[in-house]
Each structure stands twice: as C-alpha cells, then as structure tokens.
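Please open the structure below in a viewer and keep the selection tool at hand. The stops are meant to be taken in order.

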Amino acid sequence: MNFFIGCAVWSYKGWMGEFYPPGTRATDFLSLYSRRLTTVEGNTTFYAVPNQETISRWIAQTPPGFEFCLKLPRDITHTGLLQPNIPAALKFLAGMQPLGKRLGPMFVQLPPSYSPTLIDDLTNFLVAWPRETAPLALEVRHFDWFKEPYSSQLTALLENLGVGRVLLDSRPIYNGEDDPQLHSERRKPKLPVQFSVTAPFSLIRFISHPILSENQPFMAEWVTQIQQWLQAGTKVYFFVHCPLEERSPYTARHFQKLLEQSGVSVPPLPWNQLEQPPSQLSLW
C-alpha cells in the first residue's frame with residue numbers, strides 16, 4: 001500500500017451509534033476501527049507507554065496491512081533537551097518492535113518552546129535514531145522553524161538524514177470568523193504549511209473543520225499534492241483530526257472519496273468494502 005488514511009485515536013466513545021454499532025464494548029473498538037480505516041496516529045503513546053500484553057492485543061485485533069504511526073512519549077520530547085533522552089527513546093522503540101509490519105513511521109512532536117537555537121541537540125537526537133530500520137518523522141511548533149534561514153536548515157537536516165516532515169495543516173479551523181475549538185481541550189497551533197517531502201514517506205495531520213464544506217478548498221489542494229507525491233513514489237499517511245472528534249471518521253471517508261473521484265490511485269477503503277454495518281462483536 002502506498003496510501004494510508006485514519007484518525008488520531010480509535011478508542012472514542014462518541015463514535016458509538018454510527019461508526020461503531022450501538023452497545024459495542026471498548027475492547028472491540030480497535031478491531032472495528034482497523035476494518036474501516038488503514039492507519040491510526042496512535043496519540044495514546046504520547047501519554048502512556050503500552051506494555052507487551054497490550055501490544056500483543058493490538059496485533060491480534062488488527063488485520064495485516066494496518067499500520068500504527070506512534071508518537072514518541074512526552075517524557076522524551078517535552079522535558080527540555082532531547083539528547084539526554086536518547087536512551088529512553090531507543091528503549092521505547094525497542095518496546096514497539098513486536099508490532100513488526102504493523103509499525104509504521106513514528107514521529108516526534110516538539111513543543112512550541114523548542115526553537116532553532118537547539119538545532120545541534122535535535123541533530124544529535126536524529127542521528128542516534130536508527131532511521132534506516134525505523135522510519136521517523138518530525139513535527140516542529142516553534143514559529144521560527146518556518147522562517148529563514150532556519151526553515152532551509154531544518155529541511156537540509158531532514159533530507160540528509162532521511163527523516164520525514166510532519167505536515168500539520170490547521171488552516172481549516174482558522175478559516176472564517178467562528179472558532180470551532182472553543183470547547184476543545186487541546187488547541188492546535190496556527191502555523192504555515194510546508195508542502196515538501198524530506199523522506200520516502202510523508203505524514204499529514206489535517207485539522208478539519210466540523211462543517212465539511214469549510215474543508216473543501218484545502219482538501220482540493222491536498223488531493224493535487226498527494227497525487228503528485230504518490231506518482232513520485234512517496235508513501236503518504238493522511239490523518240484527520242477535528243475539534244469535534246465525532247466528525248473525524250466521516251471527514252476521512254469523504255477525503256478518500258475525493259481522491260477516488262479525482263482519479264488518484266489509492267487502495268480501496270476497507271470501510272467502503274463492508275456490505276453492511278458490522279454486528280456487535282461482543283456484548284457480554
């Protein structure tokens with residue numbers, strides 16, 4: 001597969017009733033999710049590291065071809081310098097290795113306080129990561145990373161090391177007068193989008209507006225961009241977020257439809273292959 005699409009989480013009770021059948025047990029969420037979408041961002045590892053029993057359960061509950069793109073824990077990425085946490089990062093990676101082919105590219109999300117003045121620290125961290133066997137992507141949030149000369153310096157660093165760039169697109173939620181994040185627990189930053197690929201893969205985090213029509217101009221832009229990248233042999237992971245998480249799966253499904261209608265060569269969405277909504281897996 002060269003294109004994967006999914007959301008940030010799978011364990012979301014607000015999806016019960018439509019995306020998940022009424023009465024579905026939380027323990028069945030991942031199994032149902034992975035038979036509709038093809039990847040998950042795996043935000044869960046940012047807050048807690050799963051044990052081996054949990055990882056074995058993830059493997060058992062998901063079909064071949066499904067991929068987890070896990071975020072490195074905040075204890076590694078959000079405590080100041082990265083270099084002192086290299087041993088912890090490698091230990092985390094080792095713990096995730098049992099996922100095997102279900103382990104997609106992992107990614108580092110840096111806090112807004114991590115500025116280009118720390119590029120030497122960032123370089124040392126990325127060099128220590130076994131990138132050839134464990135693909136890694138980077139998301140920066142300090143605004144100076146998007147200015148010259150720091151933008152070009154970061155691009156060169158990522159290209160030289162084969163590290164992917166996480167493309168965060170929060171434009172839809174900042175388009176218009178109404179703020180869809182008013183009741184959201186975690187606000188997404190307003191940052192420029194850099195349409196560039198620095199590795200054989202790309203991770204896109206699309207922060208969608210709850211009103212589907214508000215996303216259309218941005219989705220159209222992504223359809224064109226993704227078509228070009230896929231034709232060039234780049235593997236693309238597209239994750240849909242939304243301040244109202246209830247909407248995320250359906251926005252993802254809509255984007256898949258736009259790709260297909262535009263003639264972009266993407267694998268069929270498992271969700272669309274279901275003849276009827278799946279029955280409850282276990283109620284007792």
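This tour goes from the sheet to one strand in it, then to the cysteines, the cavities and a pocket.

**Stop 1: the sheet**

Keep in mind throughout that the model is predicted. Colour the strands and look for an open sheet made of eight of them. Read across the sheet, the order is β3-β2-β1-β8-β7-β6-β5-β4, with parallel pairing. At the edges are β3, residues 67–68, and β4, residues 106–109, each of which pairs on one side only. To see what holds such strands side by side, show hydrogen bonds: strands of a sheet pair through backbone hydrogen bonds, either parallel or antiparallel.

**Stop 2: strand β7 and its neighbours**

Select residues 201–207, which make up strand β7. How many of its seven residues are buried? The count is seven of seven, so the strand is mostly covered. Now show the side chains. Phe 201, Leu 203, Arg 205 and Ile 207 point one way from β7. Ser 202, Ile 204 and Phe 206 point the other way. Both sets are buried, with Arg 205 in the first and Ser 202 in the second.

Add β6 (164–169) to the selection. β6 and β7 run parallel and are paired over four bridges. Two places to check are Leu 168, which stands opposite Arg 205 of β7, and Leu 167, whose bridge partner in β7 is Ile 204.

Then add strand β8, residues 235–241. Seven bridges join β8 to β7, and these two strands are parallel as well. One pair to pick out is Ile 207 with His 241, its bridge partner in β8. Finally show helix α8, residues 216–231. Together with β7 and β8, helix α8 makes a right-handed β-α-β unit.

**Stop 3: the cysteines**

Select Cys 7 and Cys 242 and display their sulfur atoms. A disulfide is a covalent bond between the sulfur atoms of two cysteines. How many disulfides does a search of the whole structure find? It finds zero. Why is Cys 7 not bonded to Cys 242? The sulfur of Cys 242 is the closest cysteine sulfur to that of Cys 7, but it lies 9.7 Å away, which is too far for a bond; the cut-off is 2.5 Å. The relation also holds from the other end, since the closest cysteine sulfur to that of Cys 242 is in Cys 7. Are these cysteines buried or exposed? Cys 7 is buried, with a relative accessible area of 0%, and Cys 242 counts as buried at 6%.

**Stop 4: the largest cavity**

The structure holds two cavities of 30 Å³ or more. Begin with the largest, which contains about 120 Å³ of space. Select Val 140, Phe 146, Arg 165, Val 166 and Gln 194, the residues nearest its centre among the 14 that line it. Elements that each supply at least two lining residues are β5 (136–139), α7 (150–161) and β6. Which of them gives the largest share? β6 does, with four residues. By type, the lining consists of 11 nonpolar residues, one polar and two charged.

**Stop 5: the second largest cavity**

Next select Met 1, Phe 3, Ile 5, Thr 38, Gln 256, Pro 267, Pro 268, Leu 269 and Pro 270, which line the second largest cavity. This cavity has about 30 Å³ of space. Seven of its lining residues are nonpolar, two are polar and none is charged.

Stay on Gln 256, which is found in helix α9, residues 248–261. Gln 256 is buried, at 1% relative accessibility. Measure from its C-alpha to that of Ile 5: the distance is 7.9 Å, although the two residues are 251 apart in sequence.

**Stop 6: the second largest pocket**

The last selection is Trp 10, Ser 11, Ala 26, Thr 27, Leu 30, Thr 44, Ala 48, Pro 50, Thr 54, Arg 57, Trp 58 and Gln 61. These residues line the second largest pocket, which has about 220 Å³ of space. Which helix gives the most to this lining? Helix α3, residues 52–61, contributes four residues. The lining divides into six nonpolar residues, five polar and one charged.

Terms used
Residues are numbered from 1 along each chain as its sequence is written. This is a predicted model: local features need pLDDT of at least 70, side-chain atom pairs count only at pLDDT 80 or more; totals for chains, interfaces and linings use all residues. Side-chain values use heavy atoms; hydrogens and water are left out. On a 1 Å grid over the protein atoms alone, a cavity is a set of points where a 1.4 Å probe fits but cannot get out, and a pocket is an open set with protein on both sides within 12 Å along at least five of seven lines; lining residues have an atom within 4 Å of a point. Grid points are joined across faces, edges and corners, and a volume is the space filled by probe spheres set on the points. Ala, Val, Leu, Ile, Met, Phe, Trp, Tyr, Cys and Pro count as nonpolar, Asp, Glu, Lys and Arg as charged, and the others, Gly among them, as polar. Buried means under 20% relative accessible area, exposed over 50%, partly exposed in between (1.4 Å probe, protein chains only). Two strands pair if DSSP finds at least two bridges between them. A crossover is right-handed if, with the strands pointing away from the viewer, the path from the first strand over the helix to the second runs clockwise.
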